[in-house]
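Colleague: Could you take a close look at one part of this model for me, the sheet and the salt bridges around it? I'd like one connected account.

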Amino acid sequence: MAKEKDKDNELKIRPLDDRVVVEPLEAESKTTGGILLPDSAKEKPQRGRVLAVGPGKLLDSGKRSELSVNKGDEVIYGRYAGNDVEVNTKEYKIMRESDILAKVVK
């Protein structure tokens, strides 16, 4: 039964070329000073976790360039980066690797 549940949670999106699928992380519900924010005051998250990566951009030589991010990386991206998609009632972003500003190093 656990395998069936894992299949339901499996992402059914496969990005092409240099695109990546990112799951946005939840927006902060508290300020650094400890003030609780209502949903209307929360900013759109600009951090997310990479769920899938494409094979890389096709170069003129016929080879593919290697992406700098991997599945599982936490990344920071631009406010208006990528396209929002909904799969099985979950929100994801599909963006080019160049839309990613940085990897979060822990």
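Modeller: Here is the sheet, followed by its salt bridges, one loop residue and the core.

This is a predicted model, so to speak of local features we ask for pLDDT of at least 70, and side-chain atom pairs count only at pLDDT 80 or more, while totals for chains, interfaces and linings use all residues. Residues are numbered from 1 along each chain as its sequence is written, and side-chain values use heavy atoms, with hydrogens and water left out.

The sheet is open and has 6 strands in the order E4-E5-E1-E2-E3-E6, with antiparallel pairing. Strands here are DSSP runs of at least two residues, helices (H or I) runs of at least four, numbered from the N terminus; two strands pair if DSSP finds at least two bridges between them. At the edges sit E4 (83-87) and E6 (100-103), each pairing on one side only. E1 and E2 pair over 5 bridges, and proline 24 has glycine 48 in E2 as its bridge partner.

Now the salt bridges (a side-chain nitrogen of Lys or Arg within 4 Å of a carboxyl oxygen of Asp or Glu): the whole structure has 7. Arginine 96 and aspartate 18 meet at 2.7 Å, N to O. That pair links distant parts of the chain, with arginine 96 in E5 (90-96) and aspartate 18 in the loop between H1 (2-9) and E1, 78 residues apart. Buried means under 20% relative accessible area, exposed over 50%, partly exposed in between (1.4 Å probe, protein chains only). Aspartate 18, at 11%, is therefore buried, and arginine 96, at 34%, is partly exposed.

Glutamate 23 and lysine 90 also form a salt bridge, at 2.6 Å, N to O. Because glutamate 23 lies in E1 and lysine 90 in E5, the pair ties together parts 67 residues apart in sequence.

Glutamate 74 forms another with arginine 47, the closest N and O atoms being 3.3 Å apart. Glutamate 74 is in E3 and arginine 47 in E2, so this pair joins parts 27 residues apart in sequence. Glutamate 74 is buried at 9%, whereas arginine 47 is partly exposed at 38%. Arg49 joins Arg47 and Glu74 in a salt-bridge network.

Aspartate 73 lies in the loop between E2 (47-53) and E3 (74-77) and is buried, at 18%. Leaving aside neighbours within four places in sequence, aspartate 73 is in contact (heavy atoms within 4.5 Å) with Gly48, Arg49, Val50, Ser68 and Lys103.

Val50 also belongs to the largest nonpolar core, which has 10 residues. Such a core is a set of buried Ala, Val, Leu, Ile, Met, Phe, Trp, Tyr and Cys residues joined through side-chain atoms within 4.5 Å.
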